[in-house]
Amino acid sequence: MGTINSVTLEVISNSLLSIVEQMGVILTKTGYSTNIKERKDLSVALFDKNGKLITLAQHIPLHFSSLLGAVSEVLNKWNINDIYEGDTFIGNDPYSGGGSHLPDIVLVKPVFYKGELIAFAVNTGHHADRNIRRSTIYDEGLRIPIIKLYEKDKLVKDVYDLIMLNFQLKEERKGDLRAQLIANQFGENKIIELIDKIGIDTYTDFCREWLKYGERKARQSIKQLPDGIYEFEDYLDDDGNKTEDLLIKLKIIIQGEKIDFDFTESCEQVTGSFNCIRNALLATVYYAVKCLMDNTMPANAGAFESIDVTAREGTLVCSTEPAPTQSRATTTQRIADVIFGAFAKIDPIKVTAAGNGAVSFFNFSGFDSRTGKPYVYLETIGGGSGARFNKDGLDAVQVHMTNTSNLPVEALEMEYPLLVEKYALAENSGGDGEYRGGLGIIRGIRILDESKNTELLAATERTKTRPWGLLGGKYAAGARLNVIRDGKRINTLNKVNGFPLRADDLIELVTAGGGGYGDPSKRSVESRKKDIAEGKVK
Amino acid sequence: MANKRYRVGVDVGGTNTDICAIDEITSELKVYKLPSSTKDQSQAVIEGIRSLAEKYGFALDEIDRFIHGTTVSTNAILEGRGARTALITTEGFRDLLEIGRQKRPDLYDLQADKPKVLITRDLRYEVKERMDYKGKIIRELDEAEVIEIIRKLKELQVESLAVTFLNAYINPTNEQIVKRIAKEYLPDVYLSISSEISNQFREFERMCGTVLNSFIGPEVKKYLENLKGTLTKININKLYINHSNGGIMSLSEASQYPIKTSLSGPSAGVIGAQYVTGLIGYKNVLTIDIGGTSTDLSLIIDGKIDSSKDKNISGYPVRIPSVDIATIGAGGGSIAWVDSGGILKVGPQSAGAEPGPACYDRGGEEATITDARVVLGHLNNKELLNGRLPINSGNSFTAVEKLSKKINMDIYETAQGIITVGNSNIIKEIKKVTVEKGFNPNEFVLFAFGGAGPLHAAELMEELSIAKAIIPRTPGILAAYGLLVEDMRRDFVQTNVMDLGKIQFEDIEHEFQKLEKEAEAWFEFEAIPPARRVCEYYLDMRYKGQNYEILVSYDKQKVKKIQDIIDEFNKAYKQLYSYSYDDEVQIINYGLSAIGYINKPKTIPSKYYGEDSSAAIRGERLVRDGQNRMKPYTLYDRDMLNNGNKLRGPAVIEQMDATTIIGENQIGVVDEYLNIVIEQEK
């Protein structure tokens, strides 16, 4: 191992993890928008000079797609001789910019040590600016391929101006982009400081050994799984554009130290915004592997590349241009469900029943007559998590691919012309079983008089195919979006796009619960009594 | 009338109850340590002060002030044991307590659970009422409904009640009405309302703090009443409790706001550190308290304790101003292990006090940081605590050897590896804590205390390029010492969001005047004489549209116009984030810390004895250094060291409850207060 042993491996990996954690702190604190600062819709990573992931801060599993995508896009597209010290690349496009949907903007900073490229500091943040869902990627907003925002420490002003022109909330975008730049700059400084201390040779040796360590950990956990082929399938309700029952089908093939997640038989890509590019599929598989095989596995390329993922281009889970991808997060939730479902056949103790299976959200946009300015309020709502082999699922949480916080009601009402009327557990929504699935959430928002030209963009999932239970556990209750005017539900779909709202309309999003686990007749009397006493089950 | 000359501080920790008394006339310090009584903390407290008085030959009624750092509320929260509590809240929001911020506790661990919900759903009641974000009532409170609920609560025999309405931080009217009704119908039920617990926005955190307060309230109140009864019987009448923000309060206030004592334990240590470093003129200090299972980190910036309103206890958010202490699971008892990929890891599992490290010979078989130090020779290999704790060094060697085979290194390399990895965990946290405040670790002086802090100081200095470390005279009882030097303190905070572009300077003064009124009432209540009253002011501010506030001190003498405030904010912002904007600035919270100044015990510098430390040398100890070479370290007796003594590294300094190491190329100097100041040799 050269200069690297069991101790240095731990100490240097700790130092690098510390650097990305600190970058995350800086991005959160310097960020401008609510979405970055309060909801922490961001992620940070370090890659080696070959584009191999070295370390990742724990934020949003799905963001790994953009981090991975952007660095490989830089290396694909740019001649190594055209990458300079002081450059920063920017991108968001799923098909050419490393992104997974357009709001996630990723910044990549190549890090040089004594004139030589040695790493990439990368971060991404969700820019909740305009939120458009159309039938092709061309219509979803400004597409940014991987291009330079800075060259040799100099802002490429034309690029910056072009990007800024396309934003509606310019101050927020300016502040958030700046925070992203500062976070990467900080990362660069700290890596250089570290190498000054340990020496470039030790650093290079470390990167190699660290990836081997990841591979070793991954191979070991694969080896413990029984050889075989394990299949599962599930559906997304629809693509919001009239294509229904979107099949996601998985075959896990295990042979010795090899595992392949084969999604070949999943359905074709759609014109609704639910398509998922290959990198987002990879991020989902890696998430599931960490949960199900070994949660101490390091998030590095050595571990991840030991896992094969097969998918067919042009499908829902491996889309190609011009498929729109804005809502891909919900698709990745279903992919996670499918992986858990298949894995249950390998070892039911390791998994949970299906969780709420969506990134349910609503997005209000309009004109705030109090401030005389346009506003955009985006919120994702959690739901139930699936029951476990030994206990109930969690009520009211984000599951799988996302874990953003809510915006406090008191902060929201200060900032937007909206009134929150209800934020509650959805009773009876957890699937029955020896262990009950977690409950979904109801969030109800009233449009105030001060909000003009209000439009709603909202979507939820699991309105038709409900979250499933395991080993006799029952289905959870499904989700529902209600736009209520004068006491009546006026929307016909559970996904709406640009729905015009009036003052006094009430918008209520009810998210799904989690599936149950085990035979309901085995549920303890005390648990049933408690559920009824608390009104969680009626 | 007895001669009231002693001030006594009693700090109750998980393992020990530490007592520190100072003779206010001679400035003599008297110290006593005994095991904590877990069932009823007050047993060891009372027994301890009796033993201390006996040991040093004074009568109990010579005690003037009694200052207590308690963990009764902390333990109640950690153990999730508390009163049968009910909640009354705004219609539509009773589940807020359970939903929280809707995050799951761990990204990848499917077995992880959210912290236990302290009030079951059937005891969470909703009433019709609503306030808008400006505090305007948009739905009148239905008092009949409140009365009906309160009657029901009586039937259900709840012991405690918490009330949290949306936007009540800006207008507490409806909460006050419920309070009035509850006092009338349920006089014996413990009550907390959110606008009195924390007048800040963000409903979940405010609700959670209010609920916690009610949950632990009855038990804490009972404990304090009993203690008061016992102490007044022996004629000790000036009784104070240490709170989370490094100040003391009366027992009656502590009974009303027990949540303010939830981080009481560690805060006194930081106050002790502030006092000791203040005496010798250090303004920027990184305090590190390393014990058996955990490490507490905190910053003193420009002489001031760093306070935060964003703390967590056992997973519950507590938005009460508290000394900003970060805790990680790394201490002398942290266990070393090899993971499935062959990496050496240390902690967070700890051997704790029982069975303790392998060398304690109480059945522990796994190698801990302490065992690694025994192997390397850092620690005495025969006994610790002046012989009260025998050490079996053979056990340490066996445990470390077992590990060394797994990672193919020799036993000493492995022991060194355990120390290095353990330190890397601490260093990671130090970096995070400092970067969050916009600093580098090497901008601070390291102040190391706790049983194990003095062992790590030299290593941490080296790793973090910190120029200076200070080891106090009594590192093991610093928290009890801190209690002796604390002032009375109460923090008043009020959220009132104002855009600086749209208000007059008078509006700000007016807000502060409101807080001053509250402070005034408190000063009167606590009978603090006018000459001893001090008010410190601050504002929590942010750029409009942001959601993170930063604390900006507000100097009444200097700030005369709005622009001054903006300038101060931009300066503070720049310190934290290295840049600032031209954007509109908002005030979020008004803060006032009311301080009732208490005379500090006199500390008399000791006489200068000169550089020669040879009188304290007890010989040499062979220690394995970082390069795996056997080196003779000079062995000192701490009790024999005098002002001015110089200690050339490498050296080991032993005292009853701590061992200090000075590394190669480091020099220690004993100062006039008998601290050891370690510096890198130039």
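Axes here are lines fitted to C-alpha atoms, for helices over the stretch in contact, and angles run from 0 to 180 degrees between N-to-C directions. Keep that in mind for the first stop. The model on your screen is predicted.

**Stop 1: two crossing helices**

Select residues 6-30 of chain A, which form helix α1. Add residues 200-223 of chain A, which form helix α6. How do two packed helices get described? By the angle between their axes and the distance between the axes. Here the axes come within 10 Å and cross at roughly 100 degrees. Angles of 65 to 115 degrees count as roughly perpendicular, so α1(A) and α6(A) are roughly perpendicular to each other.

Now show the side chains at the contact. On α1(A), pick Thr8(A), Leu9(A), Ile12(A) and Ser13(A). On α6(A), pick Phe206(A), Glu209(A), Trp210(A) and Tyr213(A). Colour them by class: you get 5 nonpolar, 2 polar and 1 charged.

**Stop 2: a sheet in chain A**

Which order do the strands follow in this open sheet? The order is β8-β9-β10-β11 in chain A, 4 strands with mixed pairing. Select 228-238 for β8 and 307-310 for β11. These are the edge strands, and each pairs on one side only. Look along the sheet: neighbouring strands are turned by 15 degrees against each other on average, direction ignored.

Next, select 244-255 of chain A, which is strand β9. β9 runs antiparallel to β8(A), and 10 bridges join the two. To see one bridge pair, click Glu233(A), then its partner Lys249(A) in β9(A).

Then add helix α7, residues 278-292 of chain A. This helix packs on the sheet and touches β10 (258-262) and β11 of chain A. The direction of α7 makes about 140 degrees with that of β11(A).

**Stop 3: the domains of chain A**

Colour 6-216 of chain A as domain 1 and 352-538 as domain 2. Their centres, taken over C-alpha atoms, are 32 Å apart. The contact takes 15 residues from domain 1 of chain A and 12 residues from domain 2 of chain A. On the domain 1 side, the touching residues are 5 nonpolar, 4 polar and 6 charged.

**Stop 4: chain B**

Hide chain A and show chain B. How many helices and strands does chain B have? Its secondary structure comes to 16 helices and 37 strands. The radius of gyration of chain B is 26 Å, close to the 26 Å that the globule rule gives for 682 residues, so chain B is as compact as a globular protein of that length. Rotate the C-alpha trace of chain B: along its principal axes it spans about 80 × 65 × 55 Å.

Methods
Residues numbered from 1 in each chain as written. Chains lettered and ligands numbered in written order. Predicted model: local features only at pLDDT ≥ 70, side-chain atom pairs only at ≥ 80, totals over all residues. Pairing = 2+ DSSP bridges. Contact = placed C-beta atoms within 7 Å. Parallel < 35°, antiparallel > 145°, perpendicular 65-115°, else oblique. Nonpolar A, V, L, I, M, F, W, Y, C, P; charged D, E, K, R; others polar. Domains from an automatic or database assignment. Rg over C-alpha atoms; globule rule 2.2 N^0.38 Å.
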